[in-house]
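Morning, everyone. I have one structure to show, and I'll keep to the ligand and its pocket. Here it is.

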Amino acid sequence: MNHPVIEVRLAGPADAEECALVYDAALAAAFPDEPATSRDRAAYFRACAGEEQRVCLLDRVIIGFVSVYWNENFIHSLYILPAQQKRGAGRALLAAIQALDRGPLELKVDEVNVSARAFYARLGWREVGEGVGDRGRWLRLRWDGFPAGLQHG
Ligand SMILES: CC(C)(COP(=O)(O)OP(=O)(O)OC[C@H]1O[C@@H](n2cnc3c(N)ncnc32)[C@H](O)[C@@H]1OP(=O)(O)O)[C@@H](O)C(=O)NCCC(=O)NCCS
């Protein structure tokens with residue numbers, strides 16, 4: 001499939017308000033029964049405090065972001081605007097983090113989030129753990145990093 005050209009760059013403080021809107025819209029679509037306070041501006045700032053973020057843009061408008069807690073090589077948030085999903089943006093953000101080549105990465109996904117699970121499976125992430133949280137069972141997924149000595153492009 002032909003995807004639009006998506007730009008990925010490091011996020012700065014000026015991007016935060018737009019990212020908060022993405023966070024709200026993506027979570028509202030994924031979990032419509034949850035209270036709006038669980039995904040509002042304050043929730044966004046709590047979720048991403050102290051993390052490094054990258055944004056992806058289409059026609060210079062932010063359509064998604066990824067937030068990484070590097071102390072644990074943990075991808076804490078990955079959200080794309082609902083209208084822009086399945087056009088390569090999530091893949092582009094993950095690829096930008098992977099290309100930093102800082103070793104294996106992990107993340108958690110809710111078991112009920114079948115769409116995100118299909119996305120990660122498609123991109124080769126494998127299940128390495130599980131637990132139980134506010135949304136029930138979650139799965140811990142891992143990407144093993146680039147094989148030692150191999151160049152990546
Ligand atoms: C999950 C999410 C980040 C994926 O981003 P995206 O931009 O929609 O995904 P992409 O278009 O980059 O998809 C990459 C690949 O995964 C596949 N994929 C994506 N969603 C899929 C789905 N629901 N079912 C099957 N395959 C899927 C795509 O087809 C694509 O494969 P291809 O390149 O071979 O065609 C995005 O849908 C999202 O923000 N969801 C809501 C929030 C969320 O659940 N975040 C993750 C929390 S852990």
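I'll start with the ligand's surroundings and then move out to the pocket.

First, a caveat: this is a predicted model.

So, which residues come nearest to the ligand? There are 19 residues around the ligand, and the nearest are Lys-86, Gly-88, Arg-91, Asn-113 and Arg-122. By type, that shell holds nine nonpolar, five polar and five charged residues.

Now the secondary structure. Strand 4, residues 74–80, supplies at least two shell residues, and so do helix 3 (89–98), strand 5 (105–110) and helix 4 (114–122). Helix 4 contributes the most, with six.

Next, polar contacts. Ile-80 places a polar backbone atom 2.8 Å from a ligand oxygen. Gly-90 also uses the backbone: an N or O atom there is 2.8 Å from an oxygen of the ligand. Gln-85 uses its side chain, with a polar atom 3.3 Å from a ligand oxygen. On burial, the ligand alone exposes 930 Å², and the protein buries 81% of that.

Where does the ligand sit? In the largest pocket. The volume of that pocket is about 1600 Å³. It is lined by 45 residues, with Leu-78, Tyr-79, Asn-113, Ala-116 and Tyr-120 closest to the centre. Elements giving two or more lining residues include helix 1 (16–30) and helix 2 (41–48). Strand 4 has the largest share of the lining, seven residues. The lining splits into 24 nonpolar, eleven polar and ten charged residues.

To recap: helix 4 gives the most to the ligand shell, while strand 4 gives the largest share of the pocket lining.

Note on methods
Residues numbered from 1 in each chain as written. Predicted model: local features only at pLDDT ≥ 70, side-chain atom pairs only at ≥ 80, totals over all residues. Heavy atoms only, no water. Near = heavy atom within 4 Å. Polar contact = N/O pair within 3.5 Å; in protein donor to acceptor, adjacent residues only side chain to side chain. Areas by Shrake-Rupley, 256 points an atom, 1.4 Å probe, with all protein chains shown as cover. 1 Å grid on protein atoms, 1.4 Å probe; cavity = no way out; pocket = protein on both sides within 12 Å on 5 of 7 lines; lining within 4 Å. Sits in = over half its atoms within 2 Å of the grid points. Helix = DSSP H or I, 4+ residues; strand = E, 2+ residues; numbered from the N terminus. Nonpolar A, V, L, I, M, F, W, Y, C, P; charged D, E, K, R; others polar. Points joined across faces, edges and corners; volume = space filled by probe spheres on them.
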